[in-house]
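Dear colleague,

I am handing over the structure we spoke about, and below it you will find notes on what came out of the analysis. Please read them alongside the model.

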Amino acid sequence: MQTTSSTTTPIQWALKACEAIMDTFEPENLPPDRFHYHQGVFLSGMEKCWQQTGEQKLYDYMKGWVDSQILEDGSIKKYKSDELDDIQPGVLLFTLYEQTGDERYKKALHTLVPLLKSWPTNASGGFWHKGHYPNQMWLDGLYMAGPIAVQFAKTFGESDYIDMMTYQALLMEKHTKDPVTGLLYHGWDETKEAKWADPVTGLAPEFWGRAIGWYPVALLEMFEYMPEDHPDKDKLVTIVQDLLIALTNYQDPATGLWYQVIDKGDRPDNWHENSCTALFAHAIAKAVRFGYLDPKYLQYAWKGYQGVIDTLKFDENGNVIIGNICIGTGIGDYAHYIARPTSENDLHGAGAFILMCVEMNLAAK
């Protein structure tokens, strides 16, 4: 078993991160002021932490936020129905429906997921990331829509959603994978009209860390609810294997961290980014647990985990501070990503950290 420089275990770090956010925000005040993936990824991590620890306060907090967003009639108080980012928190509704039998949660799921059936697409059938970004596919989008749709398919017996999301995953990889590095570009515009799109390929110019992280994390979540014999399963497993192995070539050997722009660690202005490192460590460890990667790859997950742990600080109340988290970003050039500000304990960074810690806790057993 790997340990940190202290005796704190991975699941204890996950709990500390949950408690730091709980100490900062009442659940109904988690930002932003709508149903959004920032809360969704954080609370997904919290949900997995609750499943491993049985800490009732975690479940209650997650339920508290959801209940602040889902009205008595099952409608959702505030969300953007043309942004994949606002579909993602619906993953929290499955556990709540299972635990309580409250039909509000089921109704909200039947509001969110069927939106995907009429989602605007590019000519190849790829989902637009947002309504005001026509024809743009972003890697992030698979995390926003894939796990919820596949779990919905299994829960309610609507298998066409599985085919829908495996198609999205395969299309995305087909058009964003770089054959030289094995990495995936942040986005692709089939029309080549986006200001960032390469005029020949329609590709984004760079390999942005966190976007790449969402993609294997999403696929590994989807695999939990997909039939083993689904015709796309083997292809998608190979994609996960190839991507995670490619990423190990870009881990900083000195710190265990990955860079904001993955393949340009030699540039003096590039910097280590904690949320992508956490997502990669989570995905590598989970792929090993599922039997998709050789156990020898766990060393990269542990090195990334330790690298993030080594950056942690504490505030005057003893709450953990997770820094070096890139704030949200659109697609741009190298200078764009490098200039993005960082934040501390921002929800998607805290969520990525908790996801890493709960998975490393399983790896440690």
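**Helix α2 and what follows**

Just after α2, Gly54 adopts a positive phi of about 70 degrees. Please bear in mind throughout that this is a predicted model. The helix itself, α2 (37-53), is mostly covered, with 13 of its 17 residues buried. Its length is also consistent with its residue count: at 1.5 Å a residue the 17 residues of α2 should span 24 Å, and because the end C-alpha atoms are 24 Å apart, the two values agree.

**Cysteines**

The structure holds 0 disulfides, and the case of Cys49 shows why: the closest cysteine sulfur, in Cys18, is 4.4 Å from the sulfur of Cys49, which is too far for a bond, given that a disulfide needs the two sulfur atoms within 2.5 Å. Cys357 is likewise in no disulfide, and the nearest cysteine sulfur to it, that of Cys49, is 8.6 Å away. As for exposure, Cys49 is buried, with a relative accessible area of 0%, and Cys357 is buried too, with a relative accessible area of 0%.

**Asp86**

Asp86 sits in the loop between α3 (56-69) and α4 (92-100), and although it belongs to a loop, Asp86 is buried, its relative accessible area being 0%. Which residues does Asp86 contact, leaving aside its neighbours within four places in sequence? They are Arg34, Phe35, His36, Tyr79, Lys80 and Leu112.

**Pockets**

The largest pocket has a volume of about 550 Å³. It is lined by 28 residues, of which Lys48, Gln51, Glu221, Glu224 and Tyr225 are the closest to its centre. Several helices contribute to this lining, since α2, α4, α6 (140-156), α8 (209-223), α10 (274-289) and α13 (347-363) each supply at least two residues of it. By class, the lining of the largest pocket comprises 11 nonpolar, 8 polar and 9 charged residues.

The second largest pocket holds about 160 Å³ of space. Among the 16 residues that line the second largest pocket, those closest to its centre are Tyr37, Asp85, Lys130, Trp138 and Thr329. Here α2, α6 and α8 each supply at least two residues of the lining, and the residues of that lining divide into 6 nonpolar, 6 polar and 4 charged. The helices α2, α6 and α8 are also listed among those that each give at least two residues to the lining of the largest pocket.

**The enclosed cavity**

Counting cavities of 30 Å³ or more gives 1, and the largest cavity has a volume of about 60 Å³. Its lining is made up of Leu84, Phe127, His129, Met137, Trp138, Gly141, Leu142, Met165, Gln168 and Met172. In terms of elements, β1 (136-138), α6 and α7 (160-176) each supply at least two of the lining residues, and the largest share, 3 residues, comes from α7. The lining of this cavity has 7 nonpolar, 3 polar and no charged residues. Trp138, which is part of this lining, is also one of the residues closest to the centre of the second largest pocket, and you may wish to look at the cavity and that pocket together when you open the model.

With kind regards

Note on methods:
Residues numbered from 1 in each chain as written. Predicted model: local features only at pLDDT ≥ 70, side-chain atom pairs only at ≥ 80, totals over all residues. Heavy atoms only, no water. Helix = DSSP H or I, 4+ residues; strand = E, 2+ residues; numbered from the N terminus. Buried < 20%, exposed > 50% of the residue type's maximum accessible area, 1.4 Å probe, protein only. Contact = heavy atoms within 4.5 Å. 1 Å grid on protein atoms, 1.4 Å probe; cavity = no way out; pocket = protein on both sides within 12 Å on 5 of 7 lines; lining within 4 Å. Points joined across faces, edges and corners; volume = space filled by probe spheres on them. Nonpolar A, V, L, I, M, F, W, Y, C, P; charged D, E, K, R; others polar. Expected span 1.5 Å × (residues − 1).
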